[in-house]
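User: Could you take a close look at the disulfides in this one? I'd like to know where they sit and how they're linked.

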Amino acid sequence: MNSTKTMKLLNVMAAFAGMVLVGMVVSSDAQLQMNFYAKSCPKAEKIISDHIEKHIHSGPSSLAAPLIRMHFHDCFVRGCDGSVLINSTSGNAEKDAPPNLTLRGFGFVERIKTILEAECPKTVSCADIIALTARDAVVATGGPWWSVPTGRRDGRISNLTEATNNIPPPTSNFTTLQRLFGNQGLSLKDLVLLSGAHTIGVSHCSSMNTRLYNFSTTVKQDPALDSAYAANLKANKCKSLNDNTTIIEMDPGSRKSFDLSYYRLVLKRRGLFQSDSALTTNSATLKMINDLVNGSEEKFYKAFAKSMEKMGTVKVKTGSAGVIRTVCSVAGS
């Protein structure tokens, strides 16, 4: 065969391989679909939303922020596969990793799973429960709605080191944020929009104390943090470097409202975390924040919804991959 014919053959083979690859990608994505449980467990999504409507506001603080944080942390480690829920007798699971030690809502998700197992045994995945509860909890508190196609399957591997290495810590600088989001196929726009979830909920002084008392070897207080805000935090909230328990609002005065207040505070250098402040150190993300602040809440809701929909499909297990765990906290169930 001459060189010309050989090249043509190679081009055809490459094109065919590309078509097969594209087909594989489309096929994988197609397995996540709206109302996936319409036939196998038709009441599944209503059971979840009803449970949330009944219980989401009970207790000292809403579970909306913890549940959306759980979804975020689950998707950043091995994809959205429910592995963040798994317990480990050796203390080596994702939930044992530093970023997850303050996660809440495990029992809430497990109670929903128990109800669903009674209704439709071995049918609804823990991964889908996390994705749906995150959306429904935010909606129940007046926040945006987004599409949650279902059909995710559960993983059985949950590793502390993987969680530590892949979940962006609150001390992240811009380079770290860009790398960790990029690893999940998420853009700078997604980074800015998903950070907007900090508009609701609370954190602990342990997540930002170094900004107040031990920022670097040369500077005790983070110069990027508004000095008046820092003084207020020191006087009334985080009174020492060793305070690991005091609760602080991520969006003071507006922590129960899903709005643009968080971004306004970031521009005033009053974002609670170093990772919040980092968003203003890049010209592209800074412009995005300014555009959001100068736009409407409706526009923010739509953009946030798109990024949530994108994050919810990160490295999902579908079809014959993964399993349906019958107890979310037990890997081998």
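Analyst: C75 is buried, at a relative accessible area of 1%, and C80 is buried too, with a relative accessible area of 1%. Keep in mind that this is a predicted model. Buried here means under 20% relative accessible area, so the value of 1% for C75 meets that cut-off. C75 and C80 are joined to each other by a disulfide, S to S 2.0 Å. Its handedness is right, with 115° about the S-S bond.

That link is one piece of a bigger set, since the structure holds four disulfides. Counting bonded cysteines along the chain, the pattern runs 1-4, 2-3, 5-8, 6-7.

Now for C41 and C120, which are bonded at S to S 2.0 Å. This one bridges distant parts of the chain, 79 residues apart. C41 is in the loop between α1 (3–30) and α2 (44–55), while C120 is in the loop between α4 (106–119) and α5 (126–140). The link of C41 and C120 is right-handed, at 80° about the S-S bond, and both cysteines are buried.

Then there's C205, which pairs with C238 at S to S 2.1 Å. Here the link is left-handed, with -85° about the S-S bond. C205 lies in the loop between β1 (202–204) and α9 (209–213), and C238 in the loop between α10 (227–236) and β2 (247–249), so the bond ties together parts 33 residues apart in sequence. C205 and C238 are buried as well.

Notes: Residues are numbered from 1 along each chain as its sequence is written. This is a predicted model: local features need pLDDT of at least 70, side-chain atom pairs count only at pLDDT 80 or more; totals for chains, interfaces and linings use all residues. Side-chain values use heavy atoms; hydrogens and water are left out. A disulfide is a pair of cysteine sulfur atoms within 2.5 Å. Helices (H or I, at least four residues) and strands (E, at least two) are DSSP runs, numbered from the N terminus. Buried means under 20% relative accessible area, exposed over 50%, partly exposed in between (1.4 Å probe, protein chains only).
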